[in-house]
Amino acid sequence: MTNPNAKTAALPYNRSRQAREAETMLDHITDDFDDNPPSMAYFYDLFRRAYCRGESIEREGVRVGTTCIHAPEELIYAFGATPVRLCNGSYHYDQIGADFMPAKSCSLVKATLGMLSSENAIPKTGKLDLIVNPTTCDQKKKASAMMAGMGHSVYELELPPAKESEQARVYWQRSVREFAVRLRQLTGKKLTRKNLMAAMAKTSRAQVAFRTLHNFRRKAPSLILGKDVFLVTNAYFFDDIDRWTDAVERLNAELAQREKDGFCAAQKKAPRILFTGSPPVFPNLKLPLVIEQSGGVVVADETCSANRMLYDMTSVDEWLLNNMVDSLADKYLKPCTCPIFPNNDDRIRRLLDLAKSFAVDGVVYQTFAGCQVYEMEQRSVAEALNKAGIVMLAVETDYSPDDLGQLTTRIEAFLESIKTRKRKAT
Amino acid sequence: MNYFAGLDIGSTAIKVALVDEEGGLAGVHVSDSGSLFHKNAKAALGLLLERHGLVREQVKYLIATGYGRKLFKEADDSISEITANAIGAFEVGKAFGGVRTIINIGGQDSKAIQIDATGSVSNFAMNDKCAAGTGRFLDVAARNLDIDLEELGDYHFNGKGVPLTINSTCTVFAESEIIGLLANGHGKEEIVAGIHYSIAKRTLRLAKRVGIEDRVYFDGGPALNKGLVAAIQDELQRELVVPEHPQTTTAFGAAILARSEFLSGNA
């Protein structure tokens, strides 16, 4: 389905609305702060090329779009194909996507659909050979038919409704094997132990680089700001994985040097914030940016566009093909802290652990209007955090820029109250 | 003598408060925000100084707050209106035996703030980007009913029937709901009371989110509306502390902070 509103083709790319939206956000990320790490230049440039200038991100072979972190990317790599995460953060595409979904749906789902229906979609990753849509939340489930209606080839990867039972585990392992069969049809290749091992080595190298970056954020005063880390993890959605890993390793080396030099990326007393809830996806880095523009620093996150996507690693018992596939399946189900699962105490445990080990002063909980599961977990998360003496600010927002004034007031007041409390405690 | 100022640039009104060296309130001024926030804020400060026979140089420290706080570059510092409101209400509330919960209804926001025994903000909640239940809502409603904003309180108490129910939580939808009620021949008095109760119910939900502790302080422009005060008291089932100048509590809080920043040598 072509979108009747897409008249941007005649315009030079950088004048299109989606490009200018991305450019404004990048300008804020780079210009509103001093001392950006020089090795972040790779990522700033990557986003400028892909989002503002509409340059193609070169890809070889079969491209498989993914709509969620539940799609096992190692399998996709093992078949010689490349995964591209499609979750979109653009307000421009959010508005286009409103044609497909009810008005009160989640911005992320709307923007993803809006992007997929556009002729001039960014980032430019080329035509997708398949979109794998894990059956997670209701809105994503129902998006399958709409994506198919746009002419995309869609594969529904069946996720069980719970994650704890043995039944769920077996169900999911079968789903993942079925997915491998589909990938075999798509690529005409066979899944071998060697290919899968190579694919797993590739993602595990990326994950190790991420963990190193993640651990640097424990340091106080901070060595790097959260807005940069969100940009790094967002680049993972579409960048070449090896090139991405190299760039993160260079960034890590620079942070190690910063640590030696006693460099401070934020003031010593800057409130340290743990970010959780609906994922910040470029260019919608509105809320993390407001936190850091107001003098806070995001030191850790529990979101599916960063930590939840990259932290948990595969653990294999026996390196036999079937066993490896099952272990992969486990990695994508067991540690996941998505609120779609009925029992999600793991999320609370993880938040408490992050809050403690990263010396967090407060938690900011983002819920996209229309994402009911995140809204429903808000209360239990707040109660658990408050019981542990950690304050939490819940914010409901979406991709539109019109609540920026109120968001700023709330964030500033939250940071001021943290500072006052700390001052009185000492 | 030295003075310290708090300048609260809100969406609808600009409020200025001056405190003297002892921390006493020396004067307040309220004027419309209009569209030229910066120019009007400067004029408001000038007017207040002139009225008290003071010159700008006597104001040793000025803190801006409110929606337009970042626009006023002449300020020494800025602070969010939630923190400023807490400081102001804590100070004014002392005369009433101390307050712990603040309900503030402004031109386009409504907030509930909980403060601890030392006056620090311990929790707060704010409406999400929607003018329902705010001063703007009253403004629109008064215009629909063809009455002055100041008359809303009188209409509230003059009703003979039961307050009507206004279900819409959106200002725009509520507007058509009000027009619908008028078209059905309902009295303005009952509609006004209904509007007040609808705001009161939303306010109660907001306050419950932060937890209601005694005493509850109510400020912001709409606190001048006696009908609304009565409706909120009814919904809360307790008395509200309404200060003499409900519009300027936040500006006063910013002025108090300006004084303490200056005296503690942070300036």
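Which residues of α11(A) are buried? In this predicted model, they are A:Lys286, A:Pro288, A:Leu289, A:Val290, A:Ile291 and A:Glu292. Put as a count, 6 of the 8 residues of helix α11 (residues 286–293) of chain A are buried, and the helix is mostly covered. As for what does the covering, the list includes α1, α9 (226–235), β5, β6, β7 and α16 of chain A. Just after α11(A) comes A:Gly295, and its phi is positive, near 100°.

Several of those covering strands turn up again in a sheet. Here 4 strands of chain A line up in the order β6-β5-β7-β8, giving an open sheet with parallel pairing. At the edges stand β6 (297–302) and β8 (391–397) of chain A; each has a single partner strand, so one side of each is left without a neighbour in the sheet. On average, neighbouring strands of this sheet are turned by 25° against each other, if direction is ignored.

Now for the pairings themselves. Strand β5 (residues 272–277) of chain A runs in the parallel sense with strand β7 (residues 362–368) of chain A, and 5 bridges link the two. Within that pair, A:Thr276 sits opposite A:Tyr365 in β7(A). Helix α16 (residues 404–425) of chain A packs on the sheet, where it touches β7 and β8 of chain A. The direction of α16 makes about 175° with that of β8(A). Strand β7(A) also pairs with β8(A), again in the parallel sense, this time over 7 bridges. There, A:Gln366 has A:Val395 in β8(A) opposite it.

How many of the residues of β7(A) are buried? The count is 7 of the 7, so the strand is largely enclosed by the rest of the structure. In a regular strand, side chains alternate between the two faces of the sheet. For β7(A), both faces are covered. On one side A:Gly362, A:Val364, A:Gln366 and A:Phe368 are buried, and on the other A:Val363, A:Tyr365 and A:Thr367 are buried too.

Elsewhere in chain A, two helices meet. The axes of helix α1 (residues 17–31) and helix α2 (residues 41–52) of chain A come within 9 Å and cross at roughly 165°. Because of that angle, α1(A) is roughly antiparallel to α2(A). The crossing of these two helices is left-handed. On the α1(A) side, the contact is made by A:Ala19, A:Ala22, A:Glu23, A:Leu26 and A:Thr30. From α2(A), the residues taking part are A:Tyr44, A:Phe47, A:Arg48, A:Tyr51 and A:Cys52. Sorted by type, the residues of this contact come out as 7 nonpolar, 1 polar and 2 charged.

Finally, there is the place where the chains touch. Chain B puts 14 residues into the contact and chain A puts in 14 residues. On the chain B side, α2 (81–93) and β8 (121–126) of chain B each supply at least two residues. What kinds of residues make up the side of chain B that touches chain A? They divide into 6 nonpolar, 4 polar and 4 charged.

Key
Residues numbered from 1 in each chain as written. Chains lettered and ligands numbered in written order. Predicted model: local features only at pLDDT ≥ 70, side-chain atom pairs only at ≥ 80, totals over all residues. Axes fitted to C-alpha atoms, helices over the stretch in contact; angles between N-to-C directions. Parallel < 35°, antiparallel > 145°, perpendicular 65-115°, else oblique. Left-handed = near helix turned anticlockwise from the far one by under 90°. Contact = placed C-beta atoms within 7 Å. Nonpolar A, V, L, I, M, F, W, Y, C, P; charged D, E, K, R; others polar. Pairing = 2+ DSSP bridges. Buried ≥ 20, exposed ≤ 12 C-beta atoms within 10 Å, placed from the backbone.
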